[in-house]
Amino acid sequence: MTQEKKISVKKPAYLQNDILADEIREMMKSKNKLFFNIMGSIGAGKTFLLERIAEKLSPYFRIFVINGDIATTIDADRIAKKGVDTVQINTGGGCHLNAKLIKNELDKINVDDYDIFFTENVGNLICPAAWDVGAQKNIVVVSITEGEYVIKKHPIIFKGAQIAVINKCDLDGLGFDSQVLVEDAKKIKSNMDVLCTSAKQITGIDELIASLGIKIQ
Ligand code: MG
Ligand code: ZN
């Protein structure tokens, strides 16, 4: 026991995180659950997209959303109105979720009570990239209002993602260009799904759900 502890203490925090994240992924897989990690800057539209996803899926699936936020419960409260269960993790200044934080929340519920799990990660495009939460797919959301270089300037988070979502595409052509962002995302990772959405106008949401591999029967 003592020896085991010694070894694990020596491991860097991010390596311990990766081990726990793999355990979460395996557990979800063995129980036939889906788990998605949504990342993106503050104001990209993560919560709004989750509300739209929840509206479409909650009649058919039992959904649990873990919201990461530095200080408030605003996002979890919004999503809870859409027929899903939510919990807010206040990171108390921490700027990303990690596997331990997710595990703590999963230990408080019965995982078997749900079909699909989402995290809304803390809003930034830097460090959430380095902290695996154990999801099967990572989704990065940017909005076209974040500027034409937003993807170019944050390659690491896109390299680790399976889906890139360009949101607020209802503003496409009104001084903003979604195509530049789509191309930048594809350049970073050619096999990544890249989708244009508008949570406001409810466009691209069905495509996003399909990209998650979810079929509404
Ligand atoms: Mg939010
Ligand atoms: Zn951080």
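How many salt bridges does the count come to? In this predicted model, the count comes to twelve salt bridges. Side chains of opposite charge can pair when their charged atoms come close. Several of the pairs are described below, followed by helix α3 and the zinc site.

One salt bridge joins the side chains of D22 and R25, with an N to O distance of 2.7 Å. Both residues belong to helix α2, which covers residues 13-30. They are three residues apart, or about one turn of the helix. D22 has a relative accessible area of 42% and is therefore partly exposed, since this value falls between the limits of 20% and 50%. The pairing of D22 and R25 does not stand alone, as D132 is linked with these two residues in a network of salt bridges.

A salt bridge is also found between R52 and E55, whose closest N and O atoms are 3.1 Å apart. Here both partners lie in helix α3 (residues 46-57), and again the spacing is three residues, about one turn of the helix. The two side chains fall into separate classes of accessibility. R52, with a relative accessible area of 15%, is buried because this value is under 20%. E55 is at 33% relative accessibility and so counts as partly exposed.

The salt bridge between D115 and R62 has an N to O distance of 3.0 Å. This pair links distant parts of the chain, 53 residues apart. D115 is in the loop between α5 (99-108) and β4 (116-120), while R62 is in the loop between α3 and β2 (63-69). R62 counts as partly exposed, at 41% relative accessibility.

Helix α3 was also examined as a whole. The helix has twelve residues, which at 1.5 Å a residue should span 16 Å. Its end C-alpha atoms are 16 Å apart, so the expected span and the model agree. Helix α3 is mostly covered, with nine of its twelve residues buried. Among them are K46, T47, L49, L50 and E51, as well as R52.

The zinc ion (ligand 2) has protein donors from C95 (SG), H96 (ND1) and C127 (SG), at 2.0 to 2.2 Å. Along the chain, these donors follow the spacing C-H-x30-C. H96 lies in the loop between β3 (85-90) and α5, and C127 lies in the loop between β4 and β5 (137-143), so this pair ties together parts that are 31 residues apart in sequence. H96 and C127 are both buried.

Key: Residues are numbered from 1 along each chain as its sequence is written. Chains are lettered from A and ligands numbered from 1 in the order in which they are written. This is a predicted model: local features need pLDDT of at least 70, side-chain atom pairs count only at pLDDT 80 or more; totals for chains, interfaces and linings use all residues. Side-chain values use heavy atoms; hydrogens and water are left out. A salt bridge is a side-chain nitrogen of Lys or Arg within 4 Å of a carboxyl oxygen of Asp or Glu. Helices (H or I, at least four residues) and strands (E, at least two) are DSSP runs, numbered from the N terminus. Buried means under 20% relative accessible area, exposed over 50%, partly exposed in between (1.4 Å probe, protein chains only). The expected span of a helix is 1.5 Å times one less than its number of residues. Donors are N, O and S atoms within 2.8 Å of the metal (3.2 Å for Na, K and Ca); water is not among the atoms, so sites may look incomplete.
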